[in-house]
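Me: I have this model open and I'd like to zoom in on just one part of it. Could you pick the sheet and talk me through it strand by strand, then show me how the surroundings fit in?

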Amino acid sequence: MTTLEEHKSLRAEVLQWVAEAVEAELQEKLRPLIESEMEDIFGKDGKSRGTDVPQVLQNAVHADMRILLGVREMNPSGAGTKKSFTLPHPLEPGEDARHADDGAPLHNPDWYANVDAEGVNQNYVSASVSLVQQNAEAHHLPPPLAQNTELIEVVVKGYFKSMKRKYQIDNGGPAVQERHVKKRKTVKNHARRHRLANIMRIGMEAFEVIFGEVRTVGLPSVVCTPCVSDTATSDGVAGNELRDSYRKDADVGVGAWELRTPLWRSRKLTRLYMVLAVLSRFVREHEDVLDLKKDIKKLVGDAISEAHVSPEVAERIRVLRARYQAKVEAAVKGWSTILMKAGHRIHRFRGPLENAQTFPPKNLKKYTVYKEYINDQWVGLNKQNSRMFARAPSCPSNWTILDLELPDSLIPVDDLAWLAKLEEDGYEADGDGDEEDDDAGNHGEEEVDEDSEDDDEDGDV
């Protein structure tokens with residue numbers, strides 16, 4: 001018979017075991033969401049995209065740095081643009097220093113020099129750090145934050161670089177401003193594609209569960225941002241009238257965004273993205289695959305992989321996969337297209353092919369556009385496309401994902417019709433091959449500004 005102390009000890013052990021089991025269950029269910037959020041914050045390489053700075057400190061730094069410049073009111077920066085601060089010009093040699101109404105000295109940084117440049121820039125940075133710490137109580141900065149001089153200086157220098165960039169754009173003439181607008185558009189388009197790719201990744205586990213690990217080797221790599229469709233709000237090459245006709249056919253309003261499919265992307269990859277978008281939506285709205293993955297893992301047991309289980313176990317796994325696929329297919333029957341569903345804040349429609357991406361993106365650092373990603377018909381349009389295809393590397397030999405045939409039953413009916421039309425009409429307009437010779441290989445890409453505009457997409461189509 002156990003003593004009271006032994007009973008309490010046993011009870012504590014049982015409670016600890018239950019707590020650990022529950023925690024493990026929660027961790028497994030939350031891991032995909034946590035990994036997605038961590039990737040958005042720290043990037044795929046695990047490195048921080050910047051110092052984690054409390055918003056209250058950023059606000060304090062911005063306000064005090066503008067005070068030292070004598071910049072207090074926002075002014076219109078041009079027709080049709082938002083109001084912004086007008087930054088002071090650097091002082092000319094022999095020009096008198098400026099002072100505020102209360103006699104406090106104002107700063108005129110050299111916006112064409114480095115932030116650490118000796119003289120006016122260093123003085124401005126030092127004065128900014130001091131003023132933030134002096135006004136800590138007014139800014140409601142906690143003492144540990146107000147005393148962190150190193151962090152404050154990091155934020156000050158970061159804001160200096162932002163103001164420096166703004167000054168050079170505002171005072172650089174039409175050519176500089178045009179380049180800035182073009183770059184902003186490029187970065188924004190990339191950010192939208194990046195979010196669509198992340199949404200498709202939510203469907204990866206379900207995809208692997210349905211088709212098995214042997215047939216999906218290489219799946220994580222084929223979902224790459226450069227291959228995803230653009231999401232645009234402008235008219236593009238096709239013009240407003242033609243674009244409106246596509247919007248009307250899709251039965252969406254004037255605020256809908258246009259999806260522009262890459263004409264150079266292989267039909268197999270387009271179809272794969274479609275199925276991933278479907279599975280991503282199914283996982284979020286109906287049923288995830290965590291329990292099913294556990295059941296399959298138990299059946300595999302100590303075997304090296306699914307390929308090494310007995311025929312009886314393989315059949316049981318096949319039945320589990322088929323049941324889950326049947327649930328997805330039943331849901332898909334109620335969807336006309338992956339683009340539309342109740343609750344979407346912003347609707348989307350597929351625009352005219354004249355607006356579609358014509359060439360693979362160049363200068364990619366993190367991704368590689370493999371030969372297998374490129375459409376054979378597009379390659380045959382002209383010599384330029386052929387040269388780009390010839391320079392692109394082949395995908396790794398162990399990949400099986402691009403050999404997989406995907407059933408029509410996993411694609412909504414309107415999307416199937418669109419795929420058929422894309423195959424029929426995608427290459428009526430031939431290029432002359434005189435464009436700049438881009439490379440489809442592995443190059444550098446624009447840095448992404450993750451300024452989220454909408455988070456209710458259902459993936460690329």
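**The sheet and its surroundings**

Reply: First, some bearings: the protein has 15 helices and 5 strands. Bear in mind that this is a predicted model. The chain has 461 residues, and 41% of them count as buried. Looking at contacts between residues at least 6 apart in sequence, 79% link residues at least 24 apart.

Now for the sheet. It's an open one, made of 3 strands in the order S3-S4-S5, with mixed pairing. On the edges you'll find S3 (230-232) and S5 (348-350), each paired on one side only. Going from one strand to the next, the twist averages 35°.

Let's take the two pairings in turn. S3 and S4 run antiparallel and are joined by 3 bridges. If you want a residue to click on, start at Asp230, whose bridge partner in S4 is Arg260. On the other side, S4 (residues 257-260) pairs with S5 in the parallel sense, again over 3 bridges. Here Glu258 has Phe349 of S5 as its bridge partner, and Leu259 stands opposite Arg350 of S5.

S4 itself deserves a pause, since it's covered on both faces. Trp257 and Leu259 point to one side, Glu258 and Arg260 to the other, and all four are buried. So Glu258 and Arg260, two charged residues by class, are buried in this strand along with Trp257 and Leu259.

What lies over the sheet? Helix H9 (residues 240-249) crosses S3, S4 and S5, at about 115° to S5. Follow the chain on from there and you meet Asp251, in the loop between H9 and S4. Its phi is near 60°, which is a positive value in a residue other than glycine. Asp251 has a relative accessibility of 67%, so with the cut-off for exposed at over 50% it counts as exposed. That puts an exposed loop residue ahead of a strand with buried residues on both faces.

There's a second positive phi to look at elsewhere in the model. His140 also has phi near 60° without being a glycine. His140 sits in the loop between helix H3 (120-134) and helix H4 (143-146), and with a relative accessible area of 65% it is exposed too.

Stepping back from the sheet, look at the nonpolar packing. As general background, nonpolar side chains in soluble globular proteins tend to be buried together. In this model, the largest nonpolar core has 67 residues, and the members touching the most others are Phe207, Val222, Leu272, Tyr324, Val328 and Tyr373. Helices supplying at least two residues each to this core include H6 (173-201), H7 (204-211), H8 (219-222), H10 (267-285), H11 (290-300) and H12 (311-332), with H13 (376-379) and H15 (413-425) also on the list. H10 gives the most, at 11 residues. For a closer view, centre on Leu272: beyond its neighbours within four places in sequence, it is in contact with Phe207, Leu219, Val222, Ile401 and Leu406. Apart from all this there's a second, separate core of 29 residues, with Val115, Val132, Ala136 and Leu145 among them.

One helix pair is worth rotating into view as well. H7 and H12 pack at about 130°, and their axes are 8 Å apart. That angle makes H7 oblique to H12. On the H7 side the contact uses Ala206, Glu208, Val209 and Ile210, and on the H12 side Arg321, Tyr324, Gln325 and Val328. Sorted by class, that contact has 5 nonpolar, 1 polar and 2 charged residues. Tyr324 and Val328 should look familiar, as they're also on the list of core residues that touch the most other members.

A last stop is Gly158, in helix H5 (residues 149-170). Gly158 is partly exposed, with a relative accessible area of 34%. Its C-alpha atom is 9.9 Å from that of Gln58, although the two are 100 residues apart along the chain.

Methods: Residues are numbered from 1 along each chain as its sequence is written. This is a predicted model: local features need pLDDT of at least 70, side-chain atom pairs count only at pLDDT 80 or more; totals for chains, interfaces and linings use all residues. Side-chain values use heavy atoms; hydrogens and water are left out. Buried means under 20% relative accessible area, exposed over 50%, partly exposed in between (1.4 Å probe, protein chains only). A nonpolar core is a set of buried Ala, Val, Leu, Ile, Met, Phe, Trp, Tyr and Cys residues joined through side-chain atoms within 4.5 Å. Contact means heavy atoms within 4.5 Å. Two strands pair if DSSP finds at least two bridges between them. Axes are lines fitted to C-alpha atoms, for helices over the stretch in contact, and angles run from 0 to 180 degrees between N-to-C directions. Angles under 35 degrees count as roughly parallel, over 145 as roughly antiparallel, 65 to 115 as roughly perpendicular and the rest as oblique.
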